[in-house]
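Q: I'm new to this one and would like a close look at a single part: the place where two helices pass each other, and then whatever helps me see how the rest is laid out around it. Could you walk me through it in plain words?

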Amino acid sequence: MRRFMEKDSLLELHGSTQEDAMIPLSQFREGERGVIVQVQGAGAFRKRLQEMGFIKGTEVFVEKYAPLRDPVELVVKGYHVSLRVEEAARVLMEKREQEAV
Amino acid sequence: MTRETITVALAGNPNSGKTTVFNHITGTRQHVGNWPGVTVEKKEGVIQHNGHRLRVVDLPGTYSLTAYSVEEIVARRFLVDEKPDVVVDIVDASNLERNLYLATQLIELGVKLILALNMADMAEARGHHIDADKLGALLGVPVVFTVGTRNQGIKDLLNKVVEVAEDRDTVSRHIHIAYGRELEREIKKVQDVIWQDPSIGRRYSTRWLAVKLLENDGAIKDWVRALEEIGSRILAQAETSRARLADIYRDDTEMVLTDQRYGFISGALKEVLRVSAESKFDLSRQVDLILTNRLMGIPIFIFFIWAMFQLTFTLGAYPVGWIDAGVGWIGGLAAKVLPAGLFRDLVVDGVIAGVGSIIIFLPNILLLFFCIALFEDTGYLARAAFIMDRVMHLIGLHGKSFIPLLMGFGCNAPAIMAARTLESERDRILTILINPLMSCSARLPVYILLAGTFFGASAGNVVFSIYGLGIALAIAMGKLFRVTLFRGESAPFVMELPPYRVPTLKSLLIHMWDRSAVFLRKMGGVILIGSMVVWFLGAFPRPTLPPSAGIPGRIQTGQLSADSPEAFAKGQRSGGEGEASEGQKLRLEQSYLGRLGHLVQPVFAPLGFDWQTSVAVLSGFVAKEIVVSTLGVLYAGGTNVTEENEALRRALRASGMTSLAAYALMAFVLTYVPCLATVGAIRRETNSWKWTAFSIGYSLTLAWVVAFVIYQGGRLLRLG
């Protein structure tokens, strides 16, 4: 596991532009969309998310936040799913231009 | 020619309409039980189809077979160990991509698989056109279209099941999900070691074993480790391969494999799925924008819950009244017909009252489960959890815990059963354990009696504070259990929000009936035995005094209709005021129950309870309403006293009980085991005597501690 911590330093090699582009999903606002770059966290959590379709390169649309601002409803691979905000923070995204929904 | 039974397992994602398909296949011939050792519901049914006997087993709905959740472990164990003849994967056709993930795992397991593309109509409506033949050819799996809600395609599916079982299907062939060169090389290496022991290959697919080992699957590793010599060589190879792959992909191998499976799926979908201009108007989404709206979401949710409460407890009070009257009538009849004596007492006070105390809950339970089935089947339950998760997560619970906890204020027994909607066993058991702290309506009469007697004008506030105390204790206990018994990271809140659907009445009714029938069957035994034990303790040893009618240990059916205070009071009064009788009081004091009260009194003395109160608390183990009637007998000498009886209030005030002791008693009644029905529900729902005993033990301990702190603390502060 430790080994993959190096990933962050690897990314640094690609220069700051890419790092700037990585935004935690939790910082997305309603109606925004982006593409998954990386899912961080412990094995079980990452695996579960991956199985539910949170794969690198998958587009995610932020449908809405719950009335109390947590959790957040997302559209992934054509279905609706909710994640707690603290969990969404572990999904690193690359923002996409706004498109008509 | 006699044919053997074909075992068919239904697999599928949650919300894929699997249960509806299962209901259509088996109809009412289904048997509901539990999977061995866990609280996951197991449903199966045996049917005849064209002269074949099919045993259909409904596996728990899962997104995967990784064995992270209990459901996945159960489903996988069944597939691997019991080797069903055919597996049907029910797939939501309008959500193919994620649903096919499970299919890839089933293919890998090497089971005989059929893909049922369910809700095919919805997929078409959304503009998803699926080339089923091509999909079948690509996956090597026959594909059938079904519309579960309209019972379409079920016959075709069953025909296909028989064909596949008899190896007559032409599409079926075993394919490999290709993982790419590097992964395939390592899979082959692990497989080579496994092949050294040919007996393994006869039991499991070696490719599947190899893939699972590369995924670092705990259960499989344990199994392999048990193989001793060959096992350690297999594991060593798997470790080497994992390390090598990690170097190449710079990620955990299990992640890479998941990635590849989704890659395979999207490759297949490119060939078989054609999406015509997706219709712009998504009704479900529009509905959801209102129901989970930032401003409206919570008020609407509260309204639905209020409506559920009203339906369950207010509307339910009518049939409860009828059943109450019916049981009373039967009891009266039996009392007339049978000759006076021990046997009559047993039948009337033990059996009829005991059984009556169960079936009196039936209308509430049927209505409550109907509402919950409605929430579940329409898809609203997931939204309720979505809205409430923020609040519940503060206590370390899941959004879905909210409804069971709230229902506890009505009646804990069905509320505990409502905890079934929680997928994670941890969350479920935690919710069950703290549920009794939600003060049910049957406890209200005790509060009314004591608060009315000792607190006069501020009685309302005092009762309210008891409810608040219950909630505070639930929060504290929830946190405590979370950091002691249920340690570790809680499962991620990855919850699907399925599209809203109009449920079918048939499936609602089956849903409702399944759960209610289980309640009656399994809990009936516990309650019947329990109430007979209390009857026995109250009735023996036989007194030498002239016998008089009724004892407080007797469960007056009128008292058990306490689902609303009004109904309770009515039921009580309809019983008529019994004349005061010193004989009854003496008789109860001399009974085992009375002696037990004296015996345990020293334990309760630090809480400010006298022996009468101790007896009342003991008898309240069956049901909280009985506390009032027992106090009535012991203090006021009458059986049919209500919480508003003035004679009892005067007697209580005269007894030397202080307002502080009364408050401690209320707190005790709030906290300890609510009633036998709840114990039955806990036993049934946790499927474990250990948890049941724990629940009883912790609530008694907590009740004692809380009452002790209140009474002794209050005395220190000179409140009493």
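A: Let's start with the helix pair. Helix 22 of chain B passes helix 32 of chain B in a left-handed crossing. Keep in mind as you look that this is a predicted model. Helix 22 covers residues 444–455 and helix 32 covers residues 659–671. Their axes come within 10 Å and cross at roughly 165°. That angle is over 145 degrees, and so helix 22 of chain B is roughly antiparallel to helix 32 of chain B.

Now for the residues that meet there. Helix 22 of chain B brings B:V446, B:Y447, B:L450, B:T453, B:F454 and B:F455. From helix 32 of chain B come B:S659, B:A662, B:L665, B:M666 and B:V669. Sort the contact of these two helices by class and you get nine nonpolar residues, two polar ones and no charged ones.

There's another helix pair in chain B to hold up beside that one. The axes of helix 5 (residues 132–139) and helix 12 (residues 253–272) of chain B come within 9 Å, crossing at roughly 150°. Helix 5 and helix 12 of chain B are therefore roughly antiparallel to each other, and their crossing is right-handed. On the helix 5 side of chain B, the contact is made by B:K134, B:L135 and B:L138. Helix 12 of chain B answers with B:A268, B:E271 and B:V272. By class, this contact of helix 5 with helix 12 of chain B has four nonpolar residues, no polar ones and two charged ones.

Helix 5 of chain B also leads us to the domains. The domain assignment of chain B gives domain 1 as 6–165 and domain 2 as 181–275. Their C-alpha centres lie 25 Å apart. Where they touch, 18 residues of domain 1 of chain B are in contact with 18 residues of domain 2 of chain B. On the domain 1 side, helix 3 (96–109), strand 7 (128–130) and helix 5 of chain B each supply at least two residues. Helix 3 of chain B gives the most to that side, with seven residues. The class count for the domain 1 side is nine nonpolar, five polar and four charged.

Next, the sheet that helix 3 of chain B packs on. It's an open sheet of seven strands in chain B, in the order 2-3-4-1-5-6-8, with mixed pairing. Its edge strands are strand 2 (30–34) and strand 8 (143–145) of chain B, each of which pairs on one side only. Ignoring direction, neighbouring strands of this sheet are turned by 25° against each other on average. At the strand 8 edge, three bridges join strand 6 (residues 113–118) of chain B to strand 8 of chain B, and the two run parallel. If you want a spot to click on, B:L115 has B:V143 in strand 8 of chain B as its bridge partner. Helix 3 of chain B touches strand 1 (6–12), strand 5 (86–92) and strand 6 of chain B, and its direction makes about 165° with that of strand 5 of chain B.

Finally, have a look at where the chains meet. The contact takes 33 residues from chain A and 34 residues from chain B. On the chain A side, helix 3 (43–51) and strand 5 (79–83) of chain A each supply at least two residues. The largest share there, nine residues, comes from helix 3 of chain A. By class, the chain A side divides into 14 nonpolar, six polar and 13 charged residues.

A second open sheet spans both chains, with seven antiparallel strands in the order 1(A)-6(A)-2(A)-3(A)-4(A)-5(A)-10(B). Two bridges join strand 5 of chain A to strand 10 (residues 495–496) of chain B, and these strands run antiparallel. There, A:S82 stands opposite B:M495. The edges of this sheet are strand 1 (22–24) of chain A and strand 10 of chain B.

Further in, strand 2 (residues 33–39) and strand 3 (residues 59–65) of chain A pair over three bridges, with A:G34 opposite A:V60. Strand 3 of chain A also pairs over five bridges with strand 4 (residues 72–76) of chain A, where A:V60 stands opposite A:V76. Strands 3 and 4 of chain A form a hairpin with six residues between them, and A:R69 in the turn has a positive phi of about 75°.

Technical notes
Residues numbered from 1 in each chain as written. Chains lettered and ligands numbered in written order. Predicted model: local features only at pLDDT ≥ 70, side-chain atom pairs only at ≥ 80, totals over all residues. Pairing = 2+ DSSP bridges. Helix = DSSP H or I, 4+ residues; strand = E, 2+ residues; numbered from the N terminus. Contact = placed C-beta atoms within 7 Å. Nonpolar A, V, L, I, M, F, W, Y, C, P; charged D, E, K, R; others polar. Axes fitted to C-alpha atoms, helices over the stretch in contact; angles between N-to-C directions. Parallel < 35°, antiparallel > 145°, perpendicular 65-115°, else oblique. Left-handed = near helix turned anticlockwise from the far one by under 90°. Domains from an automatic or database assignment.
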